[in-house]
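I am opening my notebook on this structure and will write down what I looked up, one entry at a time.

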Amino acid sequence: PYGHDRGGDEATPFWYVFRYPPVVAAAGVAFTPLSPRAAYVVWVLLVEVCLAILLRVLWRDISDMRVRVATISLLLLNSPFFLELYMGQFTFVALALCCIALLRPRARLCFTVSVIVKPLCLVTVPALARERRYWLTFIIAIACLVAGSVPYFLRHPDQWTAFYEINFRLQGGLHSGNYGLVYFLSLLATDLHITPLLYHWHQFVNVLRVGMLGGTA
């Protein structure tokens with residue numbers, strides 16, 4: 001699933017590099033009998049279901065009506081959510097499952113699914129490690145992620161190389177479709193002619209990433 005070469009396959013109208021763990025690719029095989037359009041519709045429905053469940057959980061858990069309405073409104077008016085639907089992204093689903101798992105003790109399995117779908121939810125581990133009630137949840141999630149990834153990469157070391165390059169090396173992304181902080185900083189550096197920053201851009205972004213990850217954790 002990793003790498004840029006699709007071998008001239010014209011079945012998929014458009015695509016982007018696959019960034020997710022191998023087990024997600026294996027699960028995605030179930031969708032291959034569907035047409036690209038049908039698979040897209042199924043995915044949009046799954047994303048909307050996750051949104052509906054998250055809204056229900058938050059509505060029940062937030063007692064202050066003003067905070068409740070503000071929270072629900074932020075989710076319903078969140079413009080990046082529409083980008084998730086348009087591009088078929090996994091981020092919202094992963095974060096929704098993570099949130100549901102942390103709010104509902106009986107739904108702790110959702111955390112494992114969120115980590116498998118997109119391991120970014122592991123950023124919560126340092127912040128919540130002080131809570132012993134989450135320890136087993138974290139251990140199970142990490143164990144499942146390792147079990148679903150390491151054997152595949154051991155059998156296909158070339159795929160690990162591609163996976164590493166895609167996820168841990170800078171791969172462009174500095175274009176008008178990127179609304180992130182990194183692209184904004186690149187525009188700022190270019191417009192202000194900050195040559196040293198542009199010259200050492202890769203190093204700067206790596207430091208920025210580590211700093212933001214540490215601060216978030």
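In which helix is the place of Leu136? I looked this up with the reminder that I am working from a predicted model, and I found Leu136 in helix H8, which covers residues 135-155.

I then asked whether Leu136 is buried or exposed. Its relative accessibility is 58%, so I noted Leu136 as exposed, the cut-off for that word being over 50%. I also looked up how far Leu136 lies from Arg155, and I wrote down 29 Å from C-alpha to C-alpha, for a separation of 19 residues in sequence.

My next entry is on Thr112, which I located in helix H6, residues 109-117. Thr112 has a relative accessible area of 5%, and because buried means under 20%, I noted Thr112 as buried. Leaving aside residues up to four places away in sequence, I listed Thr137, Ile140, Ala141 and Cys144 as the residues that Thr112 touches.

Cys144 in that list led me to the cysteines. I searched the whole structure for disulfides and found zero. For Cys98, which is in no disulfide, the nearest cysteine sulfur belongs to Cys121 and is 4.1 Å away. I noted Cys98 as buried, with a relative accessible area of 5%.

Why does Cys144 form no bond with Cys110? The closest cysteine sulfur to that of Cys144 is the one in Cys110, and it is 13 Å away, so the two are too far apart for a bond, given that a disulfide needs sulfur atoms within 2.5 Å. Last, I recorded Cys144 as partly exposed, with a relative accessible area of 35%.

Definitions and conventions
Residues are numbered from 1 along each chain as its sequence is written. This is a predicted model: local features need pLDDT of at least 70, side-chain atom pairs count only at pLDDT 80 or more; totals for chains, interfaces and linings use all residues. Side-chain values use heavy atoms; hydrogens and water are left out. Helices (H or I, at least four residues) and strands (E, at least two) are DSSP runs, numbered from the N terminus. Buried means under 20% relative accessible area, exposed over 50%, partly exposed in between (1.4 Å probe, protein chains only). Contact means heavy atoms within 4.5 Å.
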